[in-house]
Each structure stands twice: as C-alpha cells, then as structure tokens.
2 protein chains.
Amino acid sequence: MKYPHGVRRSNSFASSRNQSYSNRGMTLEEDINLTNEYYLTMNLAVIHKKPTPVQIVNVNYPKRSAAVITEAYFQQASTTDYNGVYRGKYIDFEAKETRSTTSFPLANVHEHQVRHMKSVIKHGGISFMIIRFTNLQETYFYGANNLFQYWDDQQVGGRKSIPYDEIKSTGYFIPFKYQPRVPYLDILNKLYF
Amino acid sequence: MKYPHGVRRSNSFASSRNQSYSNRGMTLEEDINLTNEYYLTMNLAVIHKKPTPVQIVNVNYPKRSAAVITEAYFQQASTTDYNGVYRGKYIDFEAKETRSTTSFPLANVHEHQVRHMKSVIKHGGISFMIIRFTNLQETYFYGANNLFQYWDDQQVGGRKSIPYDEIKSTGYFIPFKYQPRVPYLDILNKLYF
C-alpha cells in the first residue's frame, strides 16, 4: 500500500529500521504483523497493532511538502499493542520476546497493561499474551488469567518472573509456520469456539 | 496519571495544544476521550482512542534523559480511531466534526477506513460514526451501514456528502451532557442489547 510522500506504512520504529524481511531474524512483532495481514486478507479476523504512542511537541509545516514533526517523545502505552475482532469476539493481546531460556521476566509487562487486560476480561473480551523465547525459538499463547496470578503474587513479594516450564505447561505452543507465521487463531479456536 | 519526565498523557496533537478543559470549545475528540475515561472508570466499557500513527525517521538518545524523536511524519490511519469492548461486543467507530450545517462531506472519511468498518461488521463487530455538526451544536450516532450506502454511491458518481436531514432521520441524536459528555453507549443499548 502506498502512502503520501512515498512513506511506507510502518507504525513501529523497530520494523521501520529493519526492512529486510528474510525468514530468519524477524522480530515477534514483525511476525505477528504479517500474521494479522494474512488473517485480514483471508477474511478471517480484523486485528491490528496500535501505533506507538508518541507525545508530539513541535511540528514544522514547510510550504508544499509534508508536515515534519521535529520534537516528540515516546510514551508508555496504556493498553496492549494488539486488538480487534474475531468471530464476533473482542480480542486483545500483548506480544513479548525474552532472551531468557528459563523464565519470562514480569518487568516486560506494565501495570496499566495488566489492569487493561483485567478490564477486557471483565467486559467479555478475550485477552492473552504471545510470549516468544527467542533463544529457544519457541512461541507460546499464554492466557491472561495465568498472567494475573503471577502478577498479583509479585505485588505481594512473589517471584518476579514466570518459569518457562509453567508457560510450557499451562500455555499453548504456537508452531512457527510459513503462512501465517504465528497461527494464534488456531489456539483461540480450540479454547473459545 | 503521571508519565515519565512529567509528560501529560495525550495521544493527539490537537488535545496537547489545547489544554484548557473549559466546557465550551472542546473538540469532539476531547469530549469522546472524556466520555471513554468516564465509561472506563465506571466500569461500563473499555474503549480507547488509538494513538496518531507516526512514521519515525530519526531519534536522538541523549545521555541521562529521554529519547527525543527529531524527525517524524504523520501517517494516514488504516483503521478507525476508536475501538474496544462493551458487554462482550467489539465496538469500532470514527468521530468527525463538520462546520457545514447542511451535510456531512464524505471527504472527511478515508477509503481504507470504510473498508475497515465493512470488515468489522462482517466479523460480527459493531461499527458506527459519531458526527458532530459544530455550528449546530448537534451530535449524531450514525450507523456504518448507512455510511456505506452513501460511500458506495459516491464511488459511482453519486453525491459527495450525506445530507444533514438524512443523518437526523436515520441517525440517532446524542444529547450533550455534563457526564459523560457524549453518551453514545445509550444508543448502543437501544440498538443492540
């Protein structure tokens, strides 16, 4: 898709820096974006990544060309990164990678994200995490309710990470495929439909 | 809510320029953001505005202070601005103001937004527009299906705007209230629940 001034559509800074779409070395975010494009094209689901929230401070409006943002700052997201609709259901998730091979550090998740996921479930939506252990090359679907247990425990002095074994046993392995890359709807089909 | 470096949370450039929250002169976007905050606080719905999509080109990382984006460009949104979950249903809408008193110009809506709204409905979500006639001080809930008719007609040479009278008769008037400002869930309750 072509955008004004030849700008390639790319909401995330990470993906705009890494334009080589080789099979190896793609980030989880890039894999999920491709997956969502596939789901949209195949008319299976409408799920998008939200743009990176940015606080815009200064904009220049040169004559006869596009406005240039000359000063802006990254903001912390108040929700999860991905949401949309699948088979009539509201879908909401966060995707995270870790290099650890033994556990997923809870520092990767922010408190308002957890609060948001709790609200989503309260209102009848489906919420989960997609966690990739980069060095193990394994990706898991991990239900938000499981996350909440570890999160709430941590608040009262519990461990600061979720053990890999726990994610492996209570989560669901998502095989890496050529198309779509991260077929997470397969897990949703088993669990909810 | 306080964010790092004292940055006030404000996803939109418009609202960051207009910090005075007086009753008059607030934009529709500001009114809807306050409405959504109210709905979230009252535990009625989880609906957020998506951040403005920005293509980030250059970032400075000064020592001991926040990363500064020094070059970035506004991108056209590929979806609508607002989405979330209400009573288990996926909600998706776009909000637009017009100064016209006789019609709503279709130029205010982009083609990929219409395509997105069509997909949302196909997948069982609820989609609509909130249209404010600024000079009339009237706000309407206007179902996406009605919009599609005018949109598709326009593609084959039909009129380039939706008459005010049509919006008034097939849409639903949303009264302006103190809290919440734009009580659009009341309309959803009547139509869908």
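**Figure 1. Helices α3 and α4 of chain B pack against each other.** In this predicted model, helix α3 (residues 111-122) of chain B meets helix α4 (residues 144-155) of chain B at an angle of about 135°, and their axes lie 10 Å apart. That angle makes α3(B) oblique to α4(B), because angles over 145 would be needed to count as roughly antiparallel. The crossing of α3(B) and α4(B) is left-handed. To find the contact on your own screen, look for B:Val114, B:Met117, B:Lys118 and B:Ile121 on the α3(B) side; on the α4(B) side, they meet B:Ala144, B:Phe148 and B:Trp151. Sorted by class, the contact of α3(B) with α4(B) has 6 nonpolar residues, no polar ones and 1 charged residue.

**Figure 2. Helices α3 and α4 of chain A pack against each other.** Here the view moves to chain A. The axes of α3(A) and helix α4 (residues 144-155) of chain A are 10 Å apart, and the packing angle is about 135°. Such an angle makes α3(A) oblique to α4(A), and the crossing of these two helices is left-handed. From α3(A) come A:Val114, A:Met117, A:Lys118 and A:Ile121, which meet A:Ala144, A:Phe148 and A:Trp151 in α4(A). The class count for the contact of α3(A) with α4(A) is 6 nonpolar, no polar and 1 charged.

**Figure 3. Chains A and B come together through 43 residues from each.** If you are tracing the chain A side of this contact, several elements each supply at least two residues: α1 (13-17), β1 (46-49), β2 (54-60), β3 (68-74), β4 (82-86), β5 (89-98) and α3 (111-122) of chain A. β3(A) gives the most to the side of chain A that touches chain B, with 7 residues. By class, the side of chain A that touches chain B has 21 nonpolar, 17 polar and 5 charged residues.

**Figure 4. A two-fold axis relates chain A to chain B.** A turn of 180° with a shift of 0.0 Å along the axis lays chain A on chain B, with an RMSD of 0.0 Å. This is the relation of a two-fold axis. The same surface serves both copies, as 100% of the contact residues of chain A recur in chain B.

**Figure 5. An open sheet of 4 strands is built from both chains.** Follow the strands across the sheet and you will read the order β2(A)-β3(A)-β3(B)-β2(B), with antiparallel pairing. The edge strands are β2 of chain A and β2 (54-60) of chain B, each of which pairs on one side only. From one strand to the next, the twist averages 30°.

**Figure 6. β3(A) pairs with β3(B), which also pairs with β2(B).** Between the chains, β3(A) and strand β3 (residues 68-74) of chain B pair in the antiparallel sense over 2 bridges. Within chain B, β2(B) and β3(B) also pair in the antiparallel sense, over 6 bridges. B:Ala72 is a handy residue to pick out here: in β3(B), B:Ala72 is the bridge partner of A:Ile69, and B:Ala72 is also the bridge partner of B:Ile56.

**Figure 7. A cis peptide bond joins Gln179 and Pro180 in chain A and in chain B.** In chain A, the bond between A:Gln179 and A:Pro180 has an omega of about -10°. A:Pro180 is found in the loop between β10 (172-174) and α6 (184-192) of chain A. In chain B, the peptide bond from B:Gln179 to B:Pro180 is cis, with omega near -10°. B:Pro180 lies in the loop between β10 (172-173) and α6 (185-192) of chain B.

**Figure 8. A:Gln137 has a positive phi.** The phi of A:Gln137 is about 55°, although this residue is not a glycine. To locate A:Gln137, go to the loop between β7 (126-133) and β8 (138-143) of chain A.

Note on methods:
Residues numbered from 1 in each chain as written. Chains lettered and ligands numbered in written order. Predicted model: local features only at pLDDT ≥ 70, side-chain atom pairs only at ≥ 80, totals over all residues. Contact = placed C-beta atoms within 7 Å. Nonpolar A, V, L, I, M, F, W, Y, C, P; charged D, E, K, R; others polar. Pairing = 2+ DSSP bridges. Least-squares fit on C-alpha atoms with pLDDT ≥ 70 in both. Axes fitted to C-alpha atoms, helices over the stretch in contact; angles between N-to-C directions. Parallel < 35°, antiparallel > 145°, perpendicular 65-115°, else oblique. Left-handed = near helix turned anticlockwise from the far one by under 90°.
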